[in-house]
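Me: I am new to this structure and should like each term explained as it arises. Please show it and begin with a definition.

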Amino acid sequence: MRAHGICTDRWQQAKKMNKLNQHIKNLVSISDSYLSLILDKVVEKQFSKKEHLLYSDDYAKEVYFISSGCVRTYILDYNGIEHNISFAIENWWLGDLQSFINHTPANQNIQALEDTVTFSINQEDWNLLIKEIPEFVYYTRLLFRNTMFTHENRILQNLSFTAEERYLYFLNNYPDLSQRISQKHIASYIGITPEFLSMLRAKRKH
């Protein structure tokens, strides 16, 4: 059975929504009335460790803002081997954007690596906010731009960096993540085996 998180009471949700409130304000100048309209469309959902937010071939009906916890996005290759595409922690948005925007089956799996609290917006409400609030359009444009830059950098690293350089880049740019996820998941993300990652870690200690 596929779980889809547990919705909490609205009054409890409001107490925890300050992170999303502040995230929006940090990126765009927005009136309190427009901000209230956005937050009114948000639903809090909780996911247990190892629970999936999305499976490939399902339809991505929501995008998620991480209030607390850690999540990974991954795919399965033709041999059934997992390859981590990205991670998300507090104050990050995530989702299968192609599926969400184009209403097509998802290509990615999304799984909680820790007990995770998210704020989600469904497709209908997302499109409504796009139509009614110009500041939300600008906010989402910044989110998509940052996502595009991240993926472009990832491609460049995979093509031009050595495995050790990719590992050092990960440690330097995501120090919090390196302390919260397993070495197996880090190895998968940078495209090496866990055994080779152990060798790189041993080399750094010396």
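Reply: Two strands are said to pair if DSSP finds at least two bridges between them. Helices (H or I, at least four residues) and strands (E, at least two) are themselves DSSP runs, numbered from the N terminus. The model is predicted, so local features need pLDDT of at least 70 and side-chain atom pairs count only at pLDDT 80 or more, while totals for chains, interfaces and linings use all residues. Residues are numbered from 1 along each chain as its sequence is written, and side-chain values use heavy atoms, with hydrogens and water left out.

Me: What makes strand 2 and strand 9 a pair?

Reply: Strand 2 (residues 43-47) and strand 9 are joined by 5 bridges, in the antiparallel sense; because the requirement is at least two, they count as paired. Q46 has V117 of strand 9 as its bridge partner. Strand 9 is also joined to strand 4 (residues 62-68), by 6 antiparallel bridges, and here V63 has I121 as its partner.

Me: Why is strand 9 called largely enclosed?

Reply: A residue is buried under 20% relative accessible area, exposed over 50% and partly exposed in between (1.4 Å probe, protein chains only). In strand 9 (residues 116-122), 6 of the 7 residues are buried, so the rest of the structure largely encloses this strand.

Me: How do you know whether S99 and Q98 are buried or exposed?

Reply: S99 has a relative accessibility of 1% and therefore counts as buried. Q98 has a relative accessible area of 49%, so Q98 is partly exposed. S99 is found in helix 4, and Q98 lies in helix 4 (residues 97-102) as well.

Me: Which residues are in contact with Q98 and S99, beyond their neighbours in sequence?

Reply: Contact means heavy atoms within 4.5 Å. Leaving aside neighbours within four places in sequence, Q98 is in contact with H103, T104 and N107. With residues up to four places away again not counted, S99 touches D58, Y59, A60, T104, P105, A106 and Q123. The C-alpha atoms of Q98 and Y59 are 10.0 Å apart, although 39 residues separate the two along the chain.

Me: Why are helix 6 and helix 7 called roughly antiparallel?

Reply: Axes are lines fitted to C-alpha atoms, for helices over the stretch in contact, and angles run from 0 to 180 degrees between N-to-C directions. Angles under 35 degrees count as roughly parallel, over 145 as roughly antiparallel, 65 to 115 as roughly perpendicular and the rest as oblique. The axes of helix 6 and helix 7 come within 8 Å and cross at roughly 150 degrees. The two helices are therefore roughly antiparallel. The contact involves N153, Q157, N158 and S160 of helix 6, together with E165, R166 and Y169 of helix 7.

Me: What makes helix 9 mostly covered?

Reply: Of the 8 residues in helix 9 (residues 183-190), 6 are buried: H185, I186, A187, S188, Y189 and I190. These buried residues pack against strand 5 (71-76), strand 6 (82-88), helix 6 (134-160), helix 7 (163-173), helix 8 (175-180) and helix 10 (194-205). Helix 9 lies across strand 5 and strand 6, at about 100 degrees to strand 6. Just after helix 9, G191 takes a positive phi of about 80 degrees.

Me: Which strands are the edges of the open sheet with the order 3-8-5-6?

Reply: This open sheet has 4 strands with antiparallel pairing. Its edges are strand 3 and strand 6, each of which pairs on one side only. The twist averages 30 degrees from one strand to the next. Strand 5 and strand 8 (residues 109-112) are joined by 4 antiparallel bridges, with T73 standing opposite I110.

Me: How do you know how accessible D57 and N91 are?

Reply: D57, at 58% relative accessibility, therefore counts as exposed. N91 has 32%, so N91 counts as partly exposed. D57 lies in the loop between strand 3 (52-54) and strand 4, and N91 in the loop between strand 6 and strand 7 (93-94). Although not a glycine, D57 has a positive phi of about 80 degrees; N91, also not a glycine, has a positive phi of about 75 degrees.
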